[in-house]
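Here's a quick tour of one model, from a helix pair to a ligand shell to the nonpolar cores. Have the viewer open as you read.

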Amino acid sequence: MKKALITGITGQDGAYLAELLLGKGYEVHGIKRRSSLFNTQRIDNMYEDPHEKDVHFKLHYGDLSDSTNIIRIIQEVQPDEIYNLGAMSHVRVSFEEPEYTAQVDGIGTLRILEAVRLLGLTEKTRIYQASTSELYGGVQGHAQSETTPFYPRSPYAVAKLYGYWITVNYREAYNMYACNGILFNHESPLRGETFVTRKITRAAARIGLGLQDKVYLGNIDSLRDWGHAKDYVEAMYLILQQEKPEDFVIATGVTTSIRDFVRMAFAEIGVELEFSGEGSSEVGIVSSSTNPDFPVEVGKTVVCVDPRYYRPTEVDLLLGDPTKAMTQLNWQPKYDLAALVKDMMTADIDLFRRDQLLVKSGHQVLNYYE
Ligand code: NDP
Ligand code: GDR
């Protein structure tokens, strides 16, 4: 039985990847951080009682900022594959926590590679590094592929640039099977609530159900190449099953503005929006509302722009060229953007119908949104 170790198992991708690997018969080990509250909601469906025999899903406390614990866990598990998904993954927050981001997203990658080398596992253990389209940052005007030079535009992207190159360097210097997946944005019902797609689908569902008035967004002109996380974890797995270690861009090859994503999300509840104004004065107003289950008043302003969500340096356009992955890995995404938006909206409507029931029976629900 193959053993996989996943850092960042409690995150969006960690949860989907763990499910995929368990389905393929792997023993899956994950590193979770100590937190004052339970932080395993995304993986609770896979939980196995550690007191039982033949447990295939095991969690270890750890942190990418601590080499000693990374070395100990890798020594204990002796994994065939390591998926390094753990990261401070929020681009805007990285401007507020730049040093921590460098420690975890940059040096954290080195800690994993070096642990494998020091433990003499270079022949046995294959390593996947979660690299990102944010590496391209300021590269504009054409689709971005494995040969496009990088131009990072945030402390997050600069930290990930180190992670990318140290992975390439360990592959070349020590003949390790270590690869970068350069993944473009991928989303799902498990996406963190402060990333723009999930913020939008949660808000559209809540506004439709009468639980929220409006949503404040930052730069709605930027364009992203969005795929579904379920498709993207398949690519991670495939990258580690090749004969030779190589780096791959994973993307859909289609780019869409944040504004159009907002339109698509609201369309799922029968609401059409018209945008007017410019820059920080732009608003989205309901121009028609046809679904009686989600009665939103025509003429109501439901989207406002708030410069507090702007970034000191923005990435205006991301558009990936996934030709290499499609030909060499035979990877094909099953979801297009419309199917992704539908999946996210269906899940958020279901989630917030429960809040609606609580409100109707006189209870208060958490009204916090970033
Ligand atoms: P999430 O933010 O959903 O998950 C991040 C995971 O990393 C969580 O499990 C988090 O733990 C863990 N983590 C954070 N800090 C540390 C630390 N110091 N030590 C150990 N673990 C830590 O990210 P995604 O699942 O969306 O992304 C997975 C990886 O892929 C990340 O590295 C991200 O940067 C990268 N990536 C993501 C893309 C995307 O569009 N989703 C695109 C390209 C790259 P906790 O739950 O406790 O916070
Ligand atoms: P990104 O994702 O920065 O691309 O990083 P995010 O969803 O945060 O932003 C996408 C774009 O939307 C604009 N935006 C807003 N973003 C957020 N979060 N909140 C808002 O209110 C808002 N309004 C507009 C942003 O300015 C940006 O242009 C994600 C992360 O998963 C990274 O870890 C990963 O590496 C990259 O995708 C690929």
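Helices H1 (residues 12–23) and H7 (residues 229–239) pack at about 65 degrees, their axes 9 Å apart. Axes here are lines fitted to C-alpha atoms over the stretch in contact, with angles running from 0 to 180 degrees between N-to-C directions; helices are DSSP runs of H or I, at least four residues, and strands are runs of E, at least two. This is a predicted model, where local features need pLDDT of at least 70, side-chain atom pairs count only at pLDDT 80 or more, and totals for chains, interfaces and linings use all residues. Residues are numbered from 1 along each chain as its sequence is written, while chains are lettered from A and ligands numbered from 1 in the order written.

On the H1 side, Gln12, Asp13, Tyr16, Leu17 and Leu20 meet H7 residues including Val233, Met236 and Tyr237 (contact: C-beta atoms, placed from the backbone, within 7 Å).

H1 also turns up at ligand 1, giving 3 residues, the largest share of its shell. Of the 26 residues around ligand 1 (C-beta within 6 Å of it), Gly8, Gly11, Gly86, Ala87 and Ala130 come nearest.

| Group | Nonpolar | Polar | Charged |
|---|---|---|---|
| H1–H7 contact | 7 residues | 1 residue | 3 residues |
| Ligand 1 shell | 8 residues | 15 residues | 3 residues |

Leu17 and Met236 appear again among the best-connected members of the largest nonpolar core, which has 64 residues. Such a core joins buried nonpolar residues through C-beta atoms within 7 Å, buried meaning 20 or more other C-beta atoms within 10 Å. Tyr83 touches both Leu17 and Met236.

Notes:
Two residues are in contact if their C-beta atoms, placed from the backbone, lie within 7 Å. Ala, Val, Leu, Ile, Met, Phe, Trp, Tyr, Cys and Pro count as nonpolar, Asp, Glu, Lys and Arg as charged, and the others, Gly among them, as polar. A residue is buried if 20 or more other C-beta atoms lie within 10 Å of its own, exposed if 12 or fewer, and partly exposed in between; C-beta atoms are placed from the backbone. Lists of a residue's contacts leave out its neighbours within four places in sequence.
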